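Please open the structure in your viewer and have the selection tool ready. This tour moves from one group of aromatic side chains to the next, saying at each stop what to select and what is there.

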Amino acid sequence: GKKFIRIVFRKNSRSVAGFNLLGFRFRHELCEQWIREGKSVEYVMEHLRLANFDPEFYKQHEVEIVSKFNSENNSTLKIKARRGIFQKKASA
């Protein structure tokens with residue numbers, strides 16, 4: 001099926017204000033925490049895997065999402081957070 005993600009952020013501060021998702025399952029509590037803490041869109045992009053709630057062996061799309069963000073925003077962000085049984089505990 002189709003997948004859609006929109007991360008709304010403030011132009012001046014770059015802090016994330018909201019998420020619109022279709023075809024993705026994200027951890028609602030973590031997204032809310034990022035909004036409350038005023039995390040930057042760059043931080044969210046680099047840690048997107050932490051929010052993904054899809055089972056371990058489902059196709060992951062975070063690299064594609066960050067790549068598209070990079071091309072649209074002239075940036076070079078990379079995924080920092082890892083998922084899975086070998087993942088290090090990452091602070092969100």
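The stops below concern aromatic rings and the charged side chains that sit over some of them.

Keep in mind throughout that this is a predicted model. Its rings form three aromatic pairs when judged by the distance between their centres.

Begin by selecting phenylalanine 19 and tryptophan 34, whose rings form a tilted pair with 6.4 Å from centre to centre and 40° between the planes. This pair links distant parts of the chain, since phenylalanine 19 belongs to strand E2 (residues 16-22) and tryptophan 34 to helix H1 (residues 28-36), with the two residues 15 apart. Are these two side chains buried or exposed? Both phenylalanine 19 and tryptophan 34 are buried.

Next, add tyrosine 43 to the selection, and you will have a cluster of Phe19, Trp34 and Tyr43 that is linked by ring pairs. With tyrosine 43 still displayed, show lysine 39 as well: its charged end sits over the ring of tyrosine 43, at 4.5 Å from the ring centre.

Now move to phenylalanine 24 and phenylalanine 26, whose ring centres lie 6.0 Å apart. The planes of these two rings meet at 65°, which is over the 60 degrees required, and the pair therefore counts as edge-to-face. Phenylalanine 24 has a relative accessible area of 13% and is buried because that value is under 20%, and phenylalanine 26, at 13% relative accessibility, likewise counts as buried.

Finally, select lysine 3 together with phenylalanine 24, where the charged end of lysine 3 sits over the phenylalanine 24 ring, 5.3 Å from the centre of that ring.

Key:
Residues are numbered from 1 along each chain as its sequence is written. This is a predicted model: local features need pLDDT of at least 70, side-chain atom pairs count only at pLDDT 80 or more; totals for chains, interfaces and linings use all residues. Side-chain values use heavy atoms; hydrogens and water are left out. Rings of Phe, Tyr and Trp (its six-membered ring) pair if their centres lie within 6.5 Å; planes under 30 degrees apart count as stacked, over 60 as edge-to-face and the rest as tilted. Helices (H or I, at least four residues) and strands (E, at least two) are DSSP runs, numbered from the N terminus. Buried means under 20% relative accessible area, exposed over 50%, partly exposed in between (1.4 Å probe, protein chains only). A charge sits over a ring if NZ of Lys or CZ of Arg is within 6 Å of the ring centre and within 35 degrees of the ring normal.
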